[in-house]
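Let's take a friendly walk through a protein structure, looking at a few helices, some loops and a bit of empty space. Keep the picture in view as you read.

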Amino acid sequence: MSGGPTWTTLPLGEGLRLSAQRRPGPAILAARLVINGGSGADPAGHRGAHQLLAGLMTRGCGDLDAETLADLVEGAGATLRADAHEDALAVALKCAVEDAGDLLPLLPAMVCRPRLEPDQLALERQLNLQGLQRQREDPFHLAHDQLRRQLYDDGPYGHDPLGIETELARTDRDDLVPLVAGLGRKEAVLTLCGDLAPAAAAAILEPAVRECCPRTTRSAAPPPGTVAAPEGEPAGLALDTEQVVILLGSATVPLAHPDALPLRLLQSHLGYGMSSRLFVEMREVRGLAYDVGVHFPARRAAAPFVMHLSTSAERAEEATLCLLDEWQRLAHQPLTPAERRLAVAKLIGQDAMGRQTVSQIADRQSLLLSHGLTADHVDRELERARTLTSADLTSAAHRHLLQPRLSLVGPAAAIQAAERAWARHHLSRVPPAA
């Protein structure tokens, strides 16, 4: 369990609350301001707008232009960044405690008073367009984008946070100004961890928050993260490569859902380390995979649960059948007691590794609070993990993993072979849920 210092919650401004933990040690601190929304709230026709806005926040705010802001941050040896992901826009700072008075006020200023200067906007947009172009050269990204569309269609989770090229290319300052104003009507959390007293941090932040930080209100329930697909046919993209990328996935549950924990344990069993089920079976025993793993991110709505592997084009059919068998196994063959215990131990170990630095601790706290969870949620879930049976895990898989979608990128012949494997497998014939 986490133990250690407790969290202190203090009010700021017109509703924003600071959640801070003092950790004696090196005189550094990490702070994170998270505003719900993110790329899932991109306006229609302007997908990529929130990530573009996030990038611009680091290119000048308030009275500081891009060069002056960069000099202030880099001159202190600090790091400051802003990003949009599917559920939120986040601004993160790591700095020496002695520089907190100069740097902490930047967080509300970046959110409420970004300069959005035309030359900086053009530069940031071009960098994001280049990022999307690089993704088109990566077979894994292409396969993931296909699966994203299969699971979420045009819903909030249906596009990469960087956006869609044609829509991002036409997104301009006039499209971003309303987003800045809208941030003030969304729920936000501010977390801080380091060798600084919570009251001292609040005193530094209070003037900046009162001047410009948005009033924060309770967000409405997040939009549905999934759009039901009428058919489960594979999605394939032919590329002249030596390997084929195979992704198998389903839209499942939010982080706050009770079934998130059993699914997390299944992820631990399948994909954590060299003893994981997929690594041993598909790489060590069968020699099928160059790379194999499981992706199950935290989401406010229906999170994707994805098995992924890359294999030689010649073995695409065999690898696809094996992956489908492993997926079906989750809902029909309970883990052995030893497998369940190992999955729990790995989950506890992964959690401990993710709480070692002040940045990791601040990030974890902001994740929990932005999902409407309590600071002790992870500790309580790890305790619950010890009580879950193998049947509990199988039942969760049966509820959420019976209708996966298959995404393929690679040589045309390999895609055809993988599609043949799909067509004759039981999972391709599971009827839609009522």
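A residue is called buried when its relative accessible area is under 20%, exposed when that area is over 50%, and partly exposed in between. With a relative accessible area of 42%, Asp153 is therefore partly exposed. Please remember that this is a predicted model.

**Two residues with a positive phi**

Asp153 sits in the loop between α6 and α7. Its phi is positive, about 50 degrees, although Asp153 is not a glycine. Why is that worth a second look? Most residues other than glycine have a negative phi. Leu116 is not a glycine either, and Leu116 has a positive phi of about 55 degrees. You will find Leu116 in the loop between α4 (106-112) and α5 (118-135). Leu116 counts as buried because its relative accessibility is 4%.

**Helix α13 and its two sides**

Helix α13 covers residues 337-353, which is 17 residues. From first C-alpha to last it reaches 24 Å, close to the 24 Å expected at 1.5 Å a residue. Which residues of α13 are buried? They are Arg340, Ala343, Val344, Lys346, Leu347 and Asp351. Looking down the axis of α13, you would see these buried residues within an arc of 160 degrees, so they line one face of the helix. A general rule helps here: an α-helix has 3.6 residues a turn, so residues three or four places apart point the same way.

What do the buried residues of α13 pack against? Their partners are α10 (260-271), α14 (358-370), α15 (377-387) and α16 (390-400). On the face turned away from the buried side, α13 carries the exposed residues Pro337 and Met353.

**Helix α11**

Helix α11 spans residues 277-285, and Leu278, Phe279, Glu281 and Met282 are buried in it. The cover over these buried residues includes α10, β11 (291-295), β12 (304-312) and α12 (316-332). After α11 comes Gly287, with a positive phi near 65 degrees.

**Three more buried residues**

Here is a small table of buried residues and their relative accessibility.

| Residue | Place | Relative accessibility |
|---|---|---|
| His377 | helix α15 | 9% |
| Ala201 | helix α9 (residues 198-212) | 0% |
| Tyr157 | loop between α6 (139-152) and α7 (165-169) | 4% |

Leaving out residues up to four places away in sequence, His377 touches Leu255 and Leu368. On the same terms, Ala201 touches Leu18, Leu192 and Leu196.

How far apart are the C-alpha atoms of Ala201 and Pro105? They are separated by 10.0 Å, while the two residues are 96 residues apart along the chain. Tyr157 and Ala41 are 116 residues apart in sequence, with 9.3 Å between their C-alpha atoms.

**A space inside**

Rolling a probe the size of a water molecule over the atoms shows where empty space is left. How many cavities of 30 Å³ or more does a search of the whole structure find? The search finds 1. The largest cavity holds about 30 Å³ of space. Its lining is made of Trp327, Gln328, Ala331, His332, Leu401, Leu402 and Leu427. Sorted by class, the lining has 5 nonpolar residues, 2 polar residues and no charged ones.

Methods:
Residues numbered from 1 in each chain as written. Predicted model: local features only at pLDDT ≥ 70, side-chain atom pairs only at ≥ 80, totals over all residues. Heavy atoms only, no water. Expected span 1.5 Å × (residues − 1). Buried < 20%, exposed > 50% of the residue type's maximum accessible area, 1.4 Å probe, protein only. Arc of directions from axis to C-beta. Contact = heavy atoms within 4.5 Å. 1 Å grid on protein atoms, 1.4 Å probe; cavity = no way out; pocket = protein on both sides within 12 Å on 5 of 7 lines; lining within 4 Å. Points joined across faces, edges and corners; volume = space filled by probe spheres on them. Nonpolar A, V, L, I, M, F, W, Y, C, P; charged D, E, K, R; others polar.
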